[in-house]
Amino acid sequence: MNVNFEYHNVSASDRLEILAAQKLSKLEQKYDFIISSDVYFTKENKSGNDDGAICKVRLSTPGPSLFAEDSARDFEVSIASVMDSLKKQLQKRKDKMQTH
């Protein structure tokens, strides 16, 4: 699977790329119909300490693409939340593919 990373208002980080790639690899092992993924890291300029680290992931699959987004205090938490959301979406897609 091809993984593309984009950063907006954030400096590139090997640590974030490795973490996201590992989690995407786990999803790909279970759901082999994933073609590619685009991962976006964005830092929102907020005055408060709350949600500001945004992670967005788009998965290319047969049929419509899957997309998930989350904002948290740090990128590690937002990555984990996005992967959980994508896992649910992938399971629904897999169930639909098996019933037809």
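**Terms and values in the predicted model**

User: What makes Phe75 count as buried?

Analyst: Phe75 has a relative accessibility of 11% and therefore counts as buried, since the term means under 20% relative accessible area, with exposed over 50% and partly exposed in between (1.4 Å probe, protein chains only). This is a predicted model, in which local features need pLDDT of at least 70, side-chain atom pairs count only at pLDDT 80 or more, and totals for chains, interfaces and linings use all residues. Residues are numbered from 1 along each chain as its sequence is written, and side-chain values use heavy atoms, with hydrogens and water left out.

User: Why is Asn9 called buried or exposed?

Analyst: Asn9 counts as exposed, because its relative accessibility is 63%. Asn9 lies in the loop between β1 and α1, and its phi is near 60°, a positive value in a residue other than glycine.

User: Why is strand β2 described as largely enclosed by the rest of the structure?

Analyst: Seven of the eight residues of β2 (residues 36–43) are buried, so the description follows. The strand itself is a DSSP run (E, at least two residues), as a helix is (H or I, at least four), and both are numbered from the N terminus.

User: How do you know that β2 pairs with β1, and in which sense?

Analyst: Seven bridges link β1 (residues 2–8) to β2 in the parallel sense, and strands count as paired if DSSP finds at least two bridges between them. Within this pairing, Phe5 stands opposite Val39 in β2. β1, helix α1 (residues 14–30) and β2 make a left-handed β-α-β unit; a right-handed crossover would run clockwise from the first strand over the helix to the second, with the strands pointing away from the viewer.

User: Which strand runs antiparallel to β2, and how many bridges join them?

Analyst: That strand is β3 (residues 53–60), joined to β2 by eight bridges. Val39 stands opposite Val57 in β3, and Asp38 has Arg58 as its bridge partner there. β3 is also antiparallel to β4, with seven bridges between them; in this pairing Leu59 is matched with Leu66. β3 and β4 form a hairpin with five residues between them, and Gly63 in the turn has a positive phi of about 90°.

User: What makes the link between the side chains of Asp38 and Asn4 a polar contact?

Analyst: The two side chains make this contact at 3.0 Å, and the term requires a pair of N or O atoms within 3.5 Å; within protein, one atom must be able to donate a hydrogen and the other to accept it, and residues adjacent in sequence count only if both atoms are side-chain atoms. Asp38 is found in β2 and is buried, with a relative accessible area of 16%. Leaving aside neighbours within four places in sequence, Asp38 is in contact (heavy atoms within 4.5 Å) with Asn4, Lys56, Val57 and Arg58.

User: Why is the aromatic pair of Tyr7 and Phe41 called stacked?

Analyst: The whole structure holds four aromatic pairs. In the pair of Tyr7 and Phe41, the centres are 5.4 Å apart and the planes 25°; rings of Phe, Tyr and Trp (its six-membered ring) pair if their centres lie within 6.5 Å, and planes under 30 degrees apart count as stacked, over 60 as edge-to-face and the rest as tilted. Tyr7 lies in β1 and Phe41 in β2, so the pair ties together parts that are 34 residues apart in sequence.

User: What kind of pair do the rings of Phe41 and Phe75 form?

Analyst: Their centres are 5.4 Å apart and their planes lie at 85°, so the pair is edge-to-face. Phe41 lies in β2 and Phe75 in helix α2, so this pair ties together parts that are 34 residues apart in sequence. Phe5, Tyr7, Phe41 and Phe75 form one aromatic cluster. Phe41 is buried, with a relative accessible area of 0%.

User: Which residues have the most contacts inside the largest nonpolar core?

Analyst: They are Leu27, Phe41, Val57, Leu59, Leu86 and Leu90, in a core of 22 residues. At least two residues of this core come from each of α1, β2, β3, β4 (66–72) and α2 (75–99), and α2 gives the most, with six. The term covers buried Ala, Val, Leu, Ile, Met, Phe, Trp, Tyr and Cys residues joined through side-chain atoms within 4.5 Å.

User: Why is Phe33 called buried or exposed?

Analyst: Phe33 is buried, because its relative accessible area is 12%. Phe33 lies in the loop between α1 and β2; apart from neighbours within four places in sequence, its contacts include Leu90, Arg93 and Met97.
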